[in-house]
Structures are given as C-alpha cells and as structure tokens.
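Me: I've got this model open at the bench and keep tripping over the labels people put on residues. Can you walk me through how each one is earned?

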Amino acid sequence: MSNPEQDNNVGKDVAFSVEDEQWMNYALQLAAKGEAIGEVPVGAVIVQNNSVIGEGFNQPISSRDPTAHAEIIALRQAATQVQNYRLVGSTIYVTLEPCTMCVGALVHARIARLVFGTAETKAGAVVSKSQLLDNDYFNHRVDYVGGLMAQQCQHQLSHFFAARREQKRKEKIERREMDAAGSDEL
C-alpha cells in the first residue's frame, strides 16, 4: 500500500493560498467557540465564491445530537443558505480530518474541495484510518488537501484534552478527599 501522505497532498510540500489560511484561521476561531462550551474544539467553514455560506463547531454534547459535528452543522447551514443540499463549487475548511459520517455527507453535498488542518489518527476517514475519498465507488469526487496550519489545529486539540484530563484528575482527588473526610467522621 502506498503512503497516503505522499499520494494525497497531505503534508509539507503543499502550497496553500492566503485565502486558505484566512479560512482555516476562521475555522480555528469557530473551534474555540466549541471549546468554550465544553465541546471538542473542531471548527468548519464552507466557502463559495470567497463568501461564507455555512459554519459550525462541534456540538454533540450540548445539543445531545451524535451527528452535530462541525462539518454537519456547517453543511446544514450552507444548504439552507443556498436553498439546495448540493453545494457545488464549495470548499470546506475543517480543523480536524473528517470522520466517516462527515466524509459521506461531504460527498452527498457535492463539496468540491476539502481542506483540513490536522490528521485524526484514531478515526480519520480521509488519510489516517481509511481513505474513503480515494475510492472509485462514490458518484462524486471531493478533492482534498490536509496539513494546513496543522500545528495550530493540533495544539488547540491537545490543549483541550490536557485541560480535560487535569480537570478529571482534580475531581478524582476531591472525591477521594471527600470520601476520606466522610469515613473520618464515623
């Protein structure tokens, strides 16, 4: 099997435009909104003719909706904006490599181009765990490129998970202390 990073425009040798960087910065800002409400910080923005037609950040916890990934929120908003579920000629910028569900939605929406920040080594469906967009059985081809501002995207996620682990550690210590105080009273 060939190296997906070499074959699929993922990594160091890709030249991104100033506009690509602008939109990924915007996606990072959207991800921060998700982080602020306790969601995994992933942001997505859909652009058509250099204008935003849809945007979103992860919301599955707060919305109690397992499909409320940043990409899905952005796709729904874009489809409403253009009054069509097909988003022909659009580019989606997302801070994290999409999962299987989101890849399928991108194909069905006829997204022209996917630009993602960092790879999702556990469940990425573009280059990491599977290469769904390279399969010839889809009725639409989504061009993709990854690695745009990968360090910033990865840092945002790493910082979130480190803070979450620290919070859980503190809660565990507090529970132990409360349990110990309760047994001391007996």
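**How the labels are earned**

Reply: Sure, starting with the pocket: helix 6 (residues 150–184) gives the largest share of the lining of the largest pocket, 4 residues. Keep in mind that this is a predicted model. The largest pocket has a volume of about 460 Å³. Of its 19 lining residues, Val40, Leu96, Glu120, Leu157 and Phe161 are the closest to the centre.

Me: What makes up the lining of the largest pocket by class?

Reply: There are 10 nonpolar, 5 polar and 4 charged residues in that lining.

Me: Why is Gln48 called buried?

Reply: Its relative accessible area is 19%, and buried means under 20%. So Gln48 makes the cut. Gln48 belongs to strand 1 (residues 43–48).

Me: How do you know that the side chain of Gln48 has a polar contact with the backbone oxygen of Val88?

Reply: The side chain of Gln48 reaches that oxygen at 2.9 Å, and the cut-off for such a pair is within 3.5 Å, so the distance fits. Beyond four places in sequence, Gln48 is also in contact with other residues, including Ile53, Val82 and Leu87.

Me: Is Asn50 buried, exposed or partly exposed, and why?

Reply: Asn50 comes out at 48% relative accessibility. Buried stops under 20% and exposed starts over 50%, so Asn50 counts as partly exposed. Asn50 sits in the loop between strand 1 and strand 2 (51–57).

Me: What makes the phi of Asn50 worth a second look?

Reply: Phi of Asn50 is near 60°, positive in a residue other than glycine. Most residues other than glycine have a negative phi. Met149 also has a positive phi, about 55°, without being a glycine. Met149 lies in the loop between strand 5 (143–146) and helix 6.

Me: Why does Met149 count as buried?

Reply: Met149 has a relative accessible area of 13%, and the limit is under 20%, so buried is the right word for Met149.

Me: Which residues touch the most other members of the largest nonpolar core?

Reply: That core has 30 residues, and the ones touching the most other members are Ile46, Leu75, Leu87, Ile111, Leu114, Val126 and Leu133. Helix 4 gives the most to this core, with 5 residues. A second, separate core has 15 residues, among them Ala27, Tyr93, Val115 and Met149. In soluble globular proteins, nonpolar side chains tend to be buried together.

Notes. Residues are numbered from 1 along each chain as its sequence is written. This is a predicted model: local features need pLDDT of at least 70, side-chain atom pairs count only at pLDDT 80 or more; totals for chains, interfaces and linings use all residues. Side-chain values use heavy atoms; hydrogens and water are left out. Helices (H or I, at least four residues) and strands (E, at least two) are DSSP runs, numbered from the N terminus. Buried means under 20% relative accessible area, exposed over 50%, partly exposed in between (1.4 Å probe, protein chains only). A polar contact is a pair of N or O atoms within 3.5 Å; within protein, one must be able to donate a hydrogen and the other to accept it, and residues adjacent in sequence count only if both atoms are side-chain atoms. Contact means heavy atoms within 4.5 Å. On a 1 Å grid over the protein atoms alone, a cavity is a set of points where a 1.4 Å probe fits but cannot get out, and a pocket is an open set with protein on both sides within 12 Å along at least five of seven lines; lining residues have an atom within 4 Å of a point. Grid points are joined across faces, edges and corners, and a volume is the space filled by probe spheres set on the points. Ala, Val, Leu, Ile, Met, Phe, Trp, Tyr, Cys and Pro count as nonpolar, Asp, Glu, Lys and Arg as charged, and the others, Gly among them, as polar. A nonpolar core is a set of buried Ala, Val, Leu, Ile, Met, Phe, Trp, Tyr and Cys residues joined through side-chain atoms within 4.5 Å.
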